[in-house]
Structures are given as C-alpha cells and as structure tokens.
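Colleague: I'm still learning to read models like this one. Could you pick a single part, look at it closely, and then take me through the rest from there?

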Amino acid sequence: MKHLRLPRSLSTAAVIFFLAAAASSASGQLLEFRFNDSGTTTANAGSSTDTGAFLDGPTATPTAVDLHGASGSGVSGLAGDLAFDNTGTTWQTSGSSRLKVEASTALNGLTSFTLSGWYKTSETTGWAAARLFSKNTTGNALELYFSTGSKAGGAGLNLALATPGQTTSTSVSSGLSADLGLADQWVFFAVSYDGTLTEDNIRFYYGSTTTEVTLLTVGTLNAGTLAASPFDLNIGNNVSNRPWDGYLDNIRLFGATSGGGGALGMAQLESWRQVDVIPEASTALLLMTGLTMLMARHHFRGRRNEAA
Ligand SMILES: [Ca+2]
Ligand SMILES: [Ca+2]
C-alpha cells in the first residue's frame, strides 16, 4: 500500500498556519455587504467602522427603506442569501434609492484598493451612467459607473478618481465587453487600483457564476494616494438620479494604506468568486483540505516513528 509522502518541512504548525491564513483572508477587507439580514440597514462585515443604510428620496430629507431582496435572491441562490434589490428604480430617469455609507472613512488614505461585487438585471438597455460606487459627486472623487451598457451591445465600466489638486476626476474605461453586459444573470466585477505605480495600475476583471475571474483591461490613472474625504459613499446610485436598476450582492472594498497590497490579483479575486457562488461548499472544501493535511501529517509521523 502506498502512502502519501509529505515534505519534512510540513509541520502541524504549518497546517494550522495554512488554516488560519485561509480563514483570515479578510485581512485588508474594509467593506463587505452581503445583505443577508433585514430592515432598513445592512451589516458591514469588513474591518472599517462604516455602516450601511438603505435610503430613498431627496438628499436633504431621505426616507429609510428596506431594499433587501427575497430569500434566495443572492448570488448563491440559496435560502437565506439575500441581494440588495434596487429594481424599483428606472435607469437615469427616476429613483434615488441607494445604500448609503454615511461619511465613509474606508477609502481615506488608501495607496491601493479593489472594488468588487456582483450585479444582475433583467433590463436590456439603458445601463449608461448607472453608479455602482459613488463618493462625493461634486468633485467626482471616486466613482465606478457604467459608461455604456445594453444586453445586445455589451457594457463598459468606468473608474473615476480625482487626483490631488484637481477639482474634477479623471476616468479610465474597461472598454466594451459582452461579458460585462450579460442580462438576467449574475456578473462578477472587480477593479483594482495601485497608487504606488504611475502607469498600468488599473485592472478591470469580470467573471460569472460559471466563469472564472478573467482580466479584461489594464489602464493608467496616476492619482497617487487617496485623500481623506468626509463625504458619504453611495452604492447602487449617486446621491439621487443615477440608479443601478437591478440587484447587487457581496459588495466589497479591499485596501491598504501603504504599498500595493490592496490591489488584489486574479487568483485572490477568483477565491472570492468561488466563496460567493457556493459558500457552504467552499467552507467545507477548506475544512476538508485542512483535515486531510493534518491526517496525512500524523500518518507520516507515525510511519517515521515505526521506521526509527
Ligand atoms: Ca447576499
Ligand atoms: Ca426598474
């Protein structure tokens, strides 16, 4: 009978470290909205103190609303997985409902970051100008929005950032992509920014529930470190009239205040995609992998002791 042979360097401590590292993959994860709760607010599972509130109506006098979708409306489709349902809006013409992160501090001082999440809509046209993320629309400090979009023509995402000293932002486009424009199914999106680099520092990615994360476009936006900003971060709209007319789920911000580590790579993003698609299976697989390594380690030690 053949036995699994493991390198001598593999210790139980290393296995435990592996499990701990896997479990703490949330490091640098500042915002995470999964929407699997209820009411007019929603929990932020990230490390920042920011909180999310669903609002509708005029900026000065908004109304608290519950924009949780039904059970099973989330990316996994499992019972208990809810999405942010913003379908009550109409593209660009009406609807101010949004997830408001009041006076968000999560983006302040970041040298690198990644915005990621999932969107889904049955609407086939009119995506242009819809906001996924919007902070400080007056100066367009940071926005991620559709530059164009329709089921037939594909869609493009724009990341806009205000560089230091500018009053208006500069934007970079993902270009037109059929994969970003899929209607009636969940689309995984991510855009990373590495402010420690002055060129080729923006990357747009996409994926789906059945397609692995793929790099779509590399671009340049020389904006350096993000300035501290007292403004609200709105998700799924700007302040009032650029709604994403559809569903959103598992909205995340990763970031670092020094270095480029906040700009996640394709493999890291693919791990998150897999966790989102089959959360239970991913957790079970992780635990099984760890247990198998531990059992193999103890078996190997047992064989060594027999041979000694
Ligand atoms: Ca969810
Ligand atoms: Ca609608």
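Modeller: Let's begin with helix H2, where the buried residues are Leu269, Trp272, Arg273, Asp276 and Val277. They sit on the same side of H2, because they cover an arc of only 135 degrees around the axis. That arc is taken over the directions from the helix axis to the C-beta atoms. "Buried" here means that 20 or more other C-beta atoms lie within 10 Å of a residue's own; 12 or fewer makes it exposed, anything in between partly exposed, and C-beta atoms are placed from the backbone. Why would one side of a helix collect residues like this? An α-helix has 3.6 residues a turn, so residues three or four places apart point the same way.

H2 covers residues 266–277, and its twelve residues should span 16 Å at 1.5 Å a residue, which agrees with the 16 Å between its end C-alpha atoms. The expected span is 1.5 Å times one less than the number of residues. H2 is one of three helices in the protein, which also has 16 strands. These are DSSP runs numbered from the N terminus: H or I with at least four residues for a helix, E with at least two for a strand.

Before going on, keep in mind that this is a predicted model, where local features need pLDDT of at least 70, side-chain atom pairs count only at pLDDT 80 or more, and totals for chains, interfaces and linings use all residues. Residues are numbered from 1 along each chain as its sequence is written, while chains are lettered from A and ligands numbered from 1 in the order in which they are written.

The mean pLDDT (the predictor's confidence in each residue, from 0 to 100) is 84, and 78% of the residues reach 70 or more. The start of the chain is another story: over residues 1–26 pLDDT stays under 50, and the model has 17 contacts beyond four places in sequence for that stretch. A contact means two C-beta atoms, placed from the backbone, within 7 Å. Where pLDDT is low, the predicted coordinates should not be read in detail.

Now for the strands. Strand E1 (residues 29–33) is mostly covered, with five of its five residues buried. E1 pairs with E16 in the antiparallel sense over four bridges, and Glu32 stands opposite Arg252 in E16. Strands pair if DSSP finds at least two bridges between them.

E13 has a partner on either count you look at: E12 and E13 pair antiparallel over seven bridges, and five bridges join E13 to the antiparallel strand E14 (residues 214–219). A hairpin of five residues links E13 to E14. You can follow single pairs too: Tyr193 has Ile202 in E13 as its bridge partner, Phe204 has Thr217 in E14, and Tyr205 stands opposite Leu215 in E14. Six of the seven residues of E13 are buried.

The loop between strand E12 (187–194) and strand E13 (202–208) holds Asp200. Asp200 counts as exposed, because it has 10 C-beta neighbours inside 10 Å. Its phi is near 50 degrees, a positive value in a residue other than glycine. Ala103, in the loop between E6 and E7, also has a positive phi, about 45 degrees, without being a glycine. Most residues other than glycine have a negative phi. Ala103 is exposed, since 11 other C-beta atoms lie within 10 Å.

Ala106 lies in the loop between strand E6 (98–101) and strand E7 (112–120). With 19 C-beta neighbours inside 10 Å, Ala106 counts as partly exposed. Leaving out residues up to four places away in sequence, Ala106 touches Leu30, Leu31, Ser48, Asp50, Leu253 and Gly255.

Last stop: Asn237, in the loop between strand E15 (233–235) and strand E16 (247–256). Asn237 is buried, because 26 other C-beta atoms lie within 10 Å. Beyond four places in sequence, the residues Asn237 touches include Ser96, Arg131 and Trp244. Asn237 and Ala130 are 107 residues apart in sequence, yet 6.7 Å apart in space, C-alpha to C-alpha. For the whole protein, residues 24 or more positions apart account for 64% of the contacts with a separation of 6 or more, and 44% of the 308 residues count as buried.
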